[in-house]
Every structure is written in C-alpha cells, then in structure tokens.
Amino acid sequence: MAVALKTSGTFCNTLQQWLHPTRDPFLYGYSHSNTKECKSKNTKRPVPLRVKATSMKAELDFSDPSWKQKFQKDWDERFNLPHINDIYDLKPRTTTFSLNKKRTPTHDESSTPMDMWNGYVNNDDRALMKVINYSSPTSAGAECIDPDCSWVEQWVHRAGPRKDIYYEPVEVKAAIVTCGGLCPGLNDVIRQVVFTLETYGVKNIVGIPFGYRGFFEKGLKEMPLSRRIVENINLAGGSFLGVSRGGAKTSEIVDSIQARRIDMLFVLGGNGTHAGANAIHDECRKRKLKVSVVAVPKTIDNDIPLMDKTFGFDTAVEEAQRAVNSAYIEARSAYHGIGLVKLMGRSSGFIAMHASLSSGQVDVCLIPEVPFTLDGEYGVLQHLEHLLKTKGFCVVCVAEAAGQELLQNSGATDASGNLILSDIGVHMQQKIKMHFKGIGVHADVKYIDPTYMVRACRANASDAILCTVLGQNAVHAAFAGFSGITSCICNNHYVYLPITEVITAPKRVNPNSRMLHRCLTSTGQPDFH
Ligand SMILES: Nc1ncnc2c1ncn2[C@@H]1O[C@H](COP(=O)(O)OP(=O)(O)OP(=O)(O)O)[C@@H](O)[C@H]1O
Ligand SMILES: O=P(O)(O)OC[C@H]1O[C@](O)(CO)[C@@H](O)[C@@H]1O
Ligand SMILES: [Mg+2]
C-alpha cells in the first residue's frame, strides 16, 4: 500500500535526525515503494520518508489538528475483520463451544446457553497493539507516526470464542492445509484445530496433503482427521499433512474448495501462504461462497509484521544455539580456532540475532539489516585478527541473507518465487582462510551450517503453548464468521488481524532496536564499515 504524506521543509529536517541515511532503508522492513524522498541538506542524499509501522489509506497532513482522529479512523477501518456477513445476511446461533462443569458440549439448537459463563470474548473487545509512549523519534526503537512521536492508540480485535456462531457444526466440513517450508509446531496447530473443531461438534475434518498443491494435484487425496488420528502427532516434527512451495493457482484452489464443499479452511504458513490465503478469501467472496479462510502464521524466520513472534521461531533459536555452542567448543579447543555458523532467515536476521544473544558465545553477529564489509581497516577480517590476538579464538554467527551485496546472485527463484540466496557462509569461510593464509597467521576455521536441523524438529514448550492458543483461536474465528484473517499474538495478547495487514512486506530487525543493541553489547563487536 502506498503511503502519501504532505511534507514541509521542517518535517524533512526532523526526518534527517530521525532516519539514518544508510541503515534506514531496513527500518521496519518497509520497501522503497512505500517511501517518498526529500533531499538531505547535509548529505545531499535522498532520505526515505515514510509513515512507520503503518500505511494509511488516506493522505495524512500533520498540520491538521484532527490528523490523529483521521489516523485512528483509518486504522479502525483497516483492522476491521472481514466477516461472512459482509456478503450475506445470516442470523447467528448460540455457540456449541462451552467448557461447562460436566465438560459435555451440547450440539443441539435447543440447548440453553450458559449466559452467566464469562468465558466468551465480546466482538467489541480490543487489545492495544503498542504500549510504549516514545517521547521522541530519537528514542531507541521508536516507532512514530508523526514527527513529534505523538501517542496514538492502535487497537486490534481480541481473539477467542464468541457466544454467537455462524455455522451449524454438524453440517461443517473443515479443511487444514500447511504450506511453505517446515516449521516446528505445525503438528501442534493441526492437532489443536482438530480438537477444537470437535469440541464445537464438527464431524467432517480433513487435511489437504502437501500444501496448496493438494487442492489440484491429481493423485493427492484429502486425509480424514479426528482426535484419535492427530492425538500424538505433536510428538514429532514436520507436518503430518506434508508441505510444498509453489503451484498456487487461486481459481483452481477455489474450484476445488467448492467441489469438496469445504466451509472452513485453516491455512498454516508464512507470508507467501498468507498472500495465497487472502487470494482464496477474495475469490470465495467474489463467488459468494460461505467459506471462512483463517490463517495461522508459521515461520522460523519470524518475519511476519505486526506480531510479537510466529510459532516455530523459539524452537529454531534453541536448535540454532546448539550449533553455536558446537562452533564455540570447536573454536575454543583449537589453536587460533574460528567457529563460523550460518543460520537460516530468508530476509531477516532474527534467528541469528537471538541465537547469538541466547548463547552468549558469539563474538561477531552479522545480519542482513546491518551492512558490513569483510575487507579493510574496519572490516570483519581485521576484527577476527584482533580477536585471535587478544583472546585466541572467536565465534562468528552469520544470517543466510546477510552480506548478499558482497556476492554474485543468479537471480534464480524457488517454486514460490522466493529469491534463492547466494551462500554467504561458504564465502566467508573461504575469505577467512585466505585472509589468514595471506598474512601468515595460523587460523583453524570450523564451519557449521545446520540448515534444516533448526526447523525439522518438534516444538519446544513455549512454541507448543503458542501453537495451542493460536490453533484454538483460529477455530473460534471461523465459527464467529470471520474470514481473510490470521490468528496471532500482539503485545502479549492473542488477537485476530486482517491478512491484508500482515503481507505488506517482511518484518526485519530494526537496527535501532534495543534488542540489536543488546546483541552488540553482548558480542562486543564494532561497526564493520
Ligand atoms: N502472492 C501470492 N499469492 C498467492 N499465493 C502465493 C503468493 N506467494 C506465495 N504463494 C503460495 O503460498 C505457498 C507458500 O509460499 P512460500 O513458499 O513463499 O512460503 P511461506 O508461506 O512464505 O513460508 P516460509 O516461511 O516457509 O517461506 C506456495 O504454494 C506459494 O505458491
Ligand atoms: O525449504 P527451502 O525451500 O529450502 O527454503 C529455505 C528457507 O525457508 C526458511 O526455512 C523459512 O522461510 C528460510 O529460513 C529459508 O531461507
Ligand atoms: Mg516466505
């Protein structure tokens, strides 16, 4: 979504202080298409100008005293949840989901609702997305809307079971699909979606095999699911249903949804999958189908905007930490040992940053959001020389998307259209070896690339809990009649967001965040440029 801003000279000047000319293009992951430019007086360099953390539908003029109300109105419209009653005029029925003392959910219309049970979420309940009131744009990690960094409330819809539902559970056919790369916790979410659907009284639950492909690829059959079938699937990693990339043809998928008479579709995946889910939701609306499409954000990369984290990220960090620990042991035990670890993250450095922080064993952490040079006086290699001299060994953790500008890229893409990255780990390994050979200093380089090991494992305890909540909430959303939404965690609260708001651009590490500063304090590394 394009951002349109009215700008004055003063505002540009404020922005010069507010935005860092080199690191700012990475702020919040917003792309250049979301920016306007104003010329910096000092550097004569174009400086990106944007509304951060949001993209307004309407034009914002901060000299207008009512800009805040306008912003909030726009925000509320954007975060309003699409509902099947936007195209229908359906009367709801009282929910069949209850956890009464007898723990026997009733499934017939005549049952008495538990009016006094305050276990339901009201449609007007909201959670506050941001809770820090930054007093200045120069505050660490400040996410400001206007140049003064005014406090603006940003409310989002609270997740959970509603008292009124828009589907007759015994008539519902629900389908689950898992797309993209693997991620710890997929099976936990599948399991919880099935459990919760059954609690509502749904009898017809199926799994679509191998991602979106399972909708149209001949020979792939839907898999019946029940509590008994999925009971133990969380004990293993991977996806019980299988995953795939590419091959998403929205019209064919919706033809298949229509032919299979699916009423609810639960889609587990990352940003690509969410874009696909939204396209399916739009197509269902176009065809006036009563289908709820609800997503659950999955990615070890943690790169989906607006939410605290995606499930699988914590587990991936924990696994990544094991690789860092091995690199440390190898480096520590060798004469002039250099442990080098490359960690996944297609466009963001969250796994590398968090694994470096949690292990406490990393001397240099390199992420794509912070450009660096290898050679020269301020380069990484010079610092490694210093570390070998002063402490005798060192550990380097590099994110797979880091330093891509230092490498040749063929421009090739995977089946989903994602750019295939060049191998920064192998490049660095060679550069380090050549550098120390060149200066005649012994260096014993041990390179570890754990690749798929960080994601092909079962979820840890905190991810398992997150998956449980997100999976259950996804079912509550579908029964409440929402569609084109995702079930996630924002500011420690479980909420629903419209998918359109989370597919604008990948979230990236904010170079001005306290978390990155903490990481750099921990590693003790200097700037590498
Ligand atoms: N813009 C889009 N519109 C419709 N479908 C899409 C879009 N982008 C990706 N898809 C489909 O979504 C599925 C998953 O996409 P992708 O492979 O990019 O993984 P992802 O969901 O981003 O997860 P991961 O974090 O593992 O990369 C694929 O089948 C792909 O074809
Ligand atoms: O599963 P593939 O296609 O090898 O893709 C690997 C990519 O998937 C992820 O694991 C998740 O997006 C990335 O970290 C990594 O770049
Ligand atoms: Mg992706």
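**Exercise 1. In this predicted model, find the order of the strands in the open sheet of 9 strands, and work out which strands stand at its edges.**

Solution. Begin by reading across the sheet, where the strands follow the order E4-E5-E17-E16-E11-E10-E7-E8-E9 and the pairing is mixed. Next, look at the two ends of that order: strand E4 (126-128) and strand E9 (223-224) each have a single partner strand, so one side of each is left without a neighbour in the sheet. A further step is to see what lies on this sheet, and here helix H2 (residues 67-79) packs on it, touching strand E5 (155-158) and strand E17 (493-498), with a direction that makes about 30° with that of E5.

**Exercise 2. Describe how strand E10 pairs with strand E11, and how strand E7 pairs with E8.**

Solution. Take strand E10 (residues 264-269) and strand E11 (residues 292-297), which pair in the parallel sense over 6 bridges; within this pair, Met 264 stands opposite Ser 292 in E11. Then turn to strand E7 (residues 173-178), which pairs with E8 in the parallel sense over 5 bridges, and in which Ile 176 has Gly 207 of E8 as its bridge partner. Finally, consider the surroundings of strand E8 (residues 204-208): 4 of its 5 residues are buried, so this strand is largely enclosed by the rest of the structure.

**Exercise 3. Two residues that are not glycine, Lys 288 and Leu 306, have a positive phi; decide for each whether the residue is buried or exposed.**

Solution. As background, most residues other than glycine have a negative phi. Lys 288, with a positive phi of about 55°, sits in the loop between helix H6 (271-286) and E11. Its relative accessible area is 52%, and since the cut-off for an exposed residue is over 50%, Lys 288 counts as exposed. Leu 306 has a phi near 80° and is found in the loop between E11 and helix H7 (313-333). Its relative accessible area is 18%, and because buried means under 20%, Leu 306 counts as buried.

**Exercise 4. Work out the arrangement of the open sheet formed by 4 strands, and name the helices H7 and H9 in relation to its strands.**

Solution. The order of the strands is E13-E14-E12-E15, and the pairing is parallel. At the edges are strand E13 (364-366) and strand E15 (444-448), each of which pairs on one side only. Neighbouring strands of this sheet are turned by 15° against each other on average, when direction is ignored. Inside the order, strand E12 (residues 337-343) and strand E14 (residues 394-399) run parallel and are joined by 6 bridges, with Leu 343 having Ala 399 in E14 as its bridge partner. As for the helices, H7 lies across E12, E14 and E15 and runs at about 165° to E12, while helix H9 (residues 380-390) packs on the sheet, touching E12, E13 and E14, and its direction makes about 160° with that of E13.

**Exercise 5. List the buried residues of H9, and say what they pack against.**

Solution. The buried residues of this helix are Val 380, Leu 381, His 383, Leu 384, Glu 385, Leu 387 and Leu 388. They pack against E12, E13, E14 and helix H10 (424-438). To complete the picture, follow the chain past the helix, where H9 is succeeded by Gly 392, whose phi is positive, near 90°.

**Exercise 6. Compare the span of helix H11 with the expected value, and describe what is found at its two ends.**

Solution. Helix H11 (residues 461-479) has 19 residues, and from its first C-alpha to its last it reaches 28 Å, which is close to the 27 Å expected at 1.5 Å a residue. At the N-terminal end, Asn 460 caps the helix, with a side-chain oxygen lying 3.3 Å from the backbone nitrogen of Ser 462. After the helix comes Gly 481, whose phi is positive, near 95°. Among the buried residues of H11 are Asp 463, Leu 466, Cys 467, Leu 470 and Gly 471.

**Exercise 7. Place these parts in the whole chain by stating how many helices and strands it has, and what percentage of its residues are buried.**

Solution. The chain has 12 helices and 17 strands, and 55% of its 529 residues are buried. Of the contacts between residues at least 6 apart in sequence, 76% join residues at least 24 apart. The accessible surface of the chain comes to about 22,800 Å², and 50% of that surface belongs to carbon and sulfur atoms.

How values were computed
Residues are numbered from 1 along each chain as its sequence is written. Chains are lettered from A and ligands numbered from 1 in the order in which they are written. This is a predicted model: local features need pLDDT of at least 70, side-chain atom pairs count only at pLDDT 80 or more; totals for chains, interfaces and linings use all residues. Side-chain values use heavy atoms; hydrogens and water are left out. The expected span of a helix is 1.5 Å times one less than its number of residues. Buried means under 20% relative accessible area, exposed over 50%, partly exposed in between (1.4 Å probe, protein chains only). A polar contact is a pair of N or O atoms within 3.5 Å; within protein, one must be able to donate a hydrogen and the other to accept it, and residues adjacent in sequence count only if both atoms are side-chain atoms. Two strands pair if DSSP finds at least two bridges between them. Contact means heavy atoms within 4.5 Å. Axes are lines fitted to C-alpha atoms, for helices over the stretch in contact, and angles run from 0 to 180 degrees between N-to-C directions. Accessible areas come from the Shrake-Rupley method with a 1.4 Å probe; for residues, only the protein chains shown count as cover.
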